[in-house]
Amino acid sequence: QVQLVESGGGLVQAGGSLRLSCAASGRPVNNYAIGWFRQPPGKEREFVATISRVSGSTFYGDSVKGRFIISSDNAKDTVYLQMRSLKPEDTAVYYCATKHTAPLRAPIRENEYDDWGQGTQVTVTK
């Protein structure tokens, strides 16, 4: 079992930036892909970004494309989400998740992932 811990959330004004971290621990296991999802209050969880731990390929949801960057430090088993030009609609609990089997394409659905963190709150004010 892999444990994931998100950090870096907080309160920021619109137009500002935040950097989220997702640190993995536990027994050694292949994490073929790490994904970020978010869930605003009263809304369904939505896909944000994913990165291949093998190739480094990335894929982003339309709502964050061009503003967010996902990156990976494989030696530290840590994935980052650099968020810029933040908008109030970015306010949500942000979750990271890991996929233990090799995907054929960018995994963008919740049920494609195996382990999840507890989330970190991001609040963007006007």
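**Strand pairing and residue environments in an all-strand chain**

Ile-69 sits across from Gln-82, a residue of strand β8. That pairing is a handy way into this structure, which is a predicted model. A second pair can be picked out along the same two strands: Phe-68 faces Met-83 of β8. Strand β7 and strand β8, the latter covering residues 78-83, run antiparallel and are held together by 6 bridges. The two make a hairpin, with 4 residues between the strands. Within that turn, Asp-77 takes a positive phi of about 50°.

The hairpin belongs to a wider arrangement. Here 4 strands line up as an open sheet, in the order β1-β3-β8-β7, with antiparallel pairing. At the edges are β1 (2-7) and β7 (68-73), each with pairing on one side only. Ignoring direction, neighbouring strands in the sheet are turned against each other by 15° on average.

Moving across the sheet from the β1 edge, β1 joins strand β3 (residues 18-26) through 6 bridges, and the two run antiparallel. Val-2 is found opposite Gly-26 of β3 in this pairing. On to the next pair: β3 and β8 are again antiparallel, with 6 bridges. Leu-18 stands opposite Met-83 in β8. Met-83 thus turns up twice, facing Leu-18 as well as Phe-68.

Zooming out to the whole chain, the secondary structure amounts to 11 strands and 0 helices. Reading along the sequence simply gives β-β-β-β-β-β-β-β-β-β-β. As for overall dimensions, the radius of gyration is 14 Å, in agreement with the value near 14 Å that a compact globule of 126 residues would have. Along the principal axes, the C-alpha atoms fit a box of roughly 40 × 25 × 25 Å. Of the 126 residues, 44% are buried. Among contacts with a separation of 6 or more, 57% link residues 24 or more positions apart. The accessible surface of the chain is about 6800 Å², and carbon and sulfur atoms account for 48% of that.

Some individual residues are worth a closer look, starting with Arg-38. This arginine is part of strand β4, residues 33-39. Its relative accessible area is just 3%, under the 20% cut-off, so Arg-38 counts as buried. The Arg-38 side chain makes a polar contact of 2.8 Å with the side chain of Asp-90. Another polar contact, of 2.9 Å, links the side chains of Arg-38 and Tyr-94. Setting aside residues up to four places away in sequence, the residues that Arg-38 touches include Glu-44, Arg-45, Glu-46, Val-48, Ser-63 and Val-64. Also among them are Phe-68, Glu-89, Asp-90, Ala-92, Val-93 and Tyr-94. Phe-68, the residue across from Met-83, is therefore also one of the contacts of buried Arg-38.

Lys-43 comes a little further on, in the loop between β4 and β5 (46-52). With a relative accessibility of 56%, which is over 50%, Lys-43 is classed as exposed. Its C-alpha atom lies 9.3 Å from that of Ala-92, although 49 residues separate the two along the chain. Ala-92 is one of the residues touched by Arg-38, too.

Lys-87 is another loop residue, this time between β8 and β9 (92-99). Its relative accessibility is 35%, which makes Lys-87 partly exposed. Leaving out neighbours within four places in sequence, Lys-87 is in contact with Arg-67 and Val-124. The C-alpha atoms of Lys-87 and Gln-13 are 8.1 Å apart, with their positions 74 residues apart along the chain.

Ser-7 brings the account back to the sheet, since this residue is in strand β1, one of the edge strands. Ser-7 is partly exposed, with a relative accessibility of 38%. Not counting residues up to four places away in sequence, Ser-7 touches Arg-19, Leu-20, Ser-21 and Thr-120. Leu-104, 97 residues away in sequence, is 29 Å from Ser-7 in space, C-alpha to C-alpha.

Technical notes: Residues numbered from 1 in each chain as written. Predicted model: local features only at pLDDT ≥ 70, side-chain atom pairs only at ≥ 80, totals over all residues. Heavy atoms only, no water. Pairing = 2+ DSSP bridges. Axes fitted to C-alpha atoms, helices over the stretch in contact; angles between N-to-C directions. Buried < 20%, exposed > 50% of the residue type's maximum accessible area, 1.4 Å probe, protein only. Polar contact = N/O pair within 3.5 Å; in protein donor to acceptor, adjacent residues only side chain to side chain. Contact = heavy atoms within 4.5 Å. Rg over C-alpha atoms; globule rule 2.2 N^0.38 Å. Areas by Shrake-Rupley, 256 points an atom, 1.4 Å probe, with all protein chains shown as cover.
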